[in-house]
Amino acid sequence: MSPKIRVVIAKPGLDGHDRGAKVIARALRDAGMEVIYTGLRQTPEMIVAAALQEDADFIGLSILSGAHMHICPRVVDLLKAKGLDDVQVVIGGIIPDVDIAKLNAIGIMGIFLPGTPMQHIIDFISSNARARV
Amino acid sequence: MKSVVDGADTRKARWERETLEPTLRKSAERKGPFTTISARPINRLYTSDDVAGIDYGTEVANPGEFPYVRGIHPTGYRGKLWTMRQFAGFGTPEETNQRYKDLIAAGGTGLSVAFDLPTLMGRDPDHPLSLGEVGKCGVSIVSLKDMERLFEGIPLDDPKITTSMTINSPASMIFAMYLVVAEQHGADLKKISGTIQNDILKEFIAQKEYIFPPRQSMRLITDVFAYCAKEVPKWNTISVSGYHIREAGSTSLQELAFTLRDGLEYVQYGVDAGLDVDDFAPRLSFFFNSHSDFFEEIAKYRAARKLWAEAMKSRFGAKNPRSWQLRFHTQTAGVSLTAQQPYNNVVRTALQALAAVLGGTNSLHTNSLDEALALPTRETATIALRTQQIIAHESGVTNVVDPLGGSYFIERLTRDMEEGALDYWDTIDRMGGMVEAIELGYPQKEIAESSYQFQQAVERREKIIVGVNEFVQTDEKPIEILYIDDSAAALQLERLADLKRSRDNDRVRRSLDALQAGAQGTENTMPLLIECVRAYATVGEMCDALREVWGEYEEVPMI
């Protein structure tokens, strides 16, 4: 049996609307993944520290407030600085079209907008998970 | 009465046997499930036997009469239409001020301030957690100076346009700023009206914009009750909110039950603080969601009025009819709107708004078609307001009071909602009250469970969302949205630095010290906050002063 995919789900910034984060955390857990939900008001530093400590394969960020262009690059930079280049970042939330290409350019390929089926997110993570050695 | 019931029962039985069954044998019904959006099963048909146990005279009553199922005003909307109050705020105070002027020019009849996340969380723009958030989800208000800019040219002594402010943890700080600006405009505080949301319980339950622990947060709220009873008697001191509970994924029944139970908790804390119930209860107001299940929502509003009236009488012995009368604002369900095929959202919003009106709302916000994508543009905000104006002036529903009263289905559903809410109240009462239930995580877990169940029903396509899991279109063109850049953040940061150089910093320090001393004792915090505001202390400084004394709340993350 292959080891479980490990996912840190985090709510960065000041926003407290956690419905999406909690529903997706539960869906990923029910799909057989190991999910660590950090809770609210996480700084990029806290999120990256959680990913390190939890040996995460993925970080899932839920951002509805419009702060994604500040938070996402910071998380990606901190991961690089800590040598965690293999941790993949995905985001869900309200992301204007004009920002999607910019997020793709820093390596964030999984960007899930409102109305995305949970199965689509589960499939994305499952198919992009790297084999653990 | 009895013979009519028997007659109706016989008629229904005969109908089932002679009319329904042959039809079902020929063609079966759709697969269903026939449930509301909250998963409540709905019967095929409601007849007089479904309402046989409901006494019209005492349990429904005519409009304006206890227990107010049919409305608190005898004339419904023939007297006064609901207030068309569109929630708005973004960027700098000047940008939002312009949007308000646009809304008033377009026929809006009330203002509603949306603050940005740093303001809502009591953080100044230069705090690390404010990074990327200044002016994004609402307007940035840092000090009295920003409040002066926000209402520039909008006279606060004009009784025709009242303002509602969606602010909770720092509600008393923002309210203090409003009062000082109202004074500058020459207003008499004894005469002004308006609303602050000031509802911390639903923050712990659903929206999670809390700062201080529950009991200290309740103290700030009862301080506002006591202050306003004396100084600002026409102000709505709280807007007890189900909106956010529903948006977080609760059912319609949970929204009803938790919101009103929150209301009872505030009244209890007010009474415990030594206030006479009839001195402050008339100024409590409510705020509900209007979701997509038309009849369930209408029943919710009707049940809410009855539950509140009866509880105020029986639990608190309130004697003033105004303490019994539940007044509420409604906002259509943002969460029901889709990023896909966004023009469909105009139709969703119109139906939700109609449900709110048929349920007797006193005030209404209609969401814009771009809700799932961004804050509204000027154009989409105007269409949202026009939706209300069409219901008010073209549909004819405002000509008659409670047009659905007496519908077998509506009256039955109203009673079912009431009974379901009372069951929830029993559970919460057994826990010791709502503060205790929140500390146990009870409403939070109930809501998380409902939201997961709903999402799974959508995944299984038991619930159809047009354009999302059915009738999907792949060739959609993106619509133009309001993009908030970082210019407001830069300006607000610069202004904050200027403020700290130009104000009397000794006076700021003294006022904050006095606030801390008061918070440690039992002195009412409102006059202390007003002095901080006059000294141009910032929202972040006032909240930090209280953080030092009271600490901060942190919830245990759970999924």
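Here are some exercises with worked solutions on a predicted model of two chains, A and B.

**Exercise 1. Confidence**

Task: Find what mean pLDDT each chain has, and which elements of chain A have the lowest and highest mean pLDDT.

Solution:
- Start with the chains. Chain A has a mean pLDDT of 94, and 98% of its residues reach 70 or more. For chain B the mean is 95, and again 98% of the residues reach 70 or more.
- Next, go through the elements of chain A. The lowest mean pLDDT, 95, belongs to helix α4 (residues 97-105) of chain A, and the highest, 98, to strand β1 (residues 6-10) of chain A.
- Finally, take the complex: the predictor gives an ipTM of 0.92 and a pTM of 0.95.

**Exercise 2. The contact between the chains**

Task: Work out how many residues each chain brings to the contact, and which element supplies the largest share of the side of chain A.

Solution:
- Count the residues: 33 come from chain A and 35 from chain B.
- Sort the side of chain A that touches chain B by element: α1 (19-30), α3 (68-81), α4 and α5 (118-128) of chain A each supply at least two residues. The largest share, five residues, is that of α1(A).
- Now sort that side of chain A by class, and you get 15 nonpolar, 11 polar and seven charged residues.

**Exercise 3. Two sides of helix α2 of chain A**

Task: Decide which residues of α2(A) are buried, which are exposed, and how the buried ones are placed around the axis.

Solution:
- List the buried residues of α2(A): P44(A), I47(A), V48(A) and A51(A). Because they cover an arc of only 95° around the axis, they lie on the same side of α2(A).
- See what that side meets: the buried residues of α2(A) pack against β1, β3 (58-63) and α3 of chain A.
- Turn to the other side of α2(A), where E45(A) and Q53(A) are exposed. E45(A) has 12 other C-beta atoms within 10 Å, and a residue with 12 or fewer counts as exposed.
- Check a distance from E45(A): L79(A) is 34 residues away in sequence, and the two C-alpha atoms are 9.3 Å apart in space.
- Look just past the end of α2(A), where D55(A) has a positive phi of about 55°.

**Exercise 4. Span and packing of helix α4 of chain B**

Task: Compare the span of helix α4 (residues 93-105) of chain B with what its residues should give, then locate its buried residues.

Solution:
- At 1.5 Å a residue, the 13 residues of α4(B) should span 18 Å, and the end C-alpha atoms are 18 Å apart, so the two values agree.
- Pick out the buried residues of α4(B): P93(B), T96(B), R99(B), Y100(B) and L103(B). Their arc around the axis is only 120°, which means they sit on the same side of α4(B).
- Find their partners: the buried residues of α4(B) pack against β1 (83-88), β2 (110-114), α6 (144-150) and α16 (378-393) of chain B.
- Follow the chain onward from α4(B) to G107(B), whose phi is positive, near 105°.

**Exercise 5. The nonpolar core**

Task: Name the residues that touch the most other members of the largest nonpolar core, and list what I59(A) touches.

Solution:
- The largest nonpolar core holds 184 residues, of which I59(A), V75(A), L529(B) and M542(B) touch the most other members.
- Leave out residues up to four places away in sequence, and I59(A) touches V8(A), A10(A), I47(A), A51(A), V75(A), V87(A) and V89(A).
- For background, nonpolar side chains tend to be buried together in soluble globular proteins.

**Exercise 6. Loops of chain B**

Task: Locate the cis peptide bonds from G32(B) to P33(B) and from F66(B) to P67(B), then say whether A61(B) and D402(B) are buried or partly exposed.

Solution:
- Both bonds have omega near 0°. P33(B) is in the loop between α1 (2-26) and α2 (56-60) of chain B, while P67(B) is in the loop between α2 and α3 (76-79) of chain B.
- A61(B), in the loop between α2 and α3 of chain B, has a positive phi of about 70° although it is not a glycine. With 19 other C-beta atoms within 10 Å, A61(B) is partly exposed.
- D402(B), in the loop between α16 and α17 (408-431) of chain B, is not a glycine either, and its phi is positive, about 45°. D402(B) has 20 C-beta neighbours inside 10 Å and so counts as buried.

Definitions and conventions:
Residues are numbered from 1 along each chain as its sequence is written. Chains are lettered from A and ligands numbered from 1 in the order in which they are written. This is a predicted model: local features need pLDDT of at least 70, side-chain atom pairs count only at pLDDT 80 or more; totals for chains, interfaces and linings use all residues. pLDDT is the predictor's confidence in each residue, from 0 to 100. Helices (H or I, at least four residues) and strands (E, at least two) are DSSP runs, numbered from the N terminus. Two residues are in contact if their C-beta atoms, placed from the backbone, lie within 7 Å. Ala, Val, Leu, Ile, Met, Phe, Trp, Tyr, Cys and Pro count as nonpolar, Asp, Glu, Lys and Arg as charged, and the others, Gly among them, as polar. The expected span of a helix is 1.5 Å times one less than its number of residues. The arc is that of the directions from the helix axis to the C-beta atoms. A nonpolar core is a set of buried Ala, Val, Leu, Ile, Met, Phe, Trp, Tyr and Cys residues joined through C-beta atoms within 7 Å.
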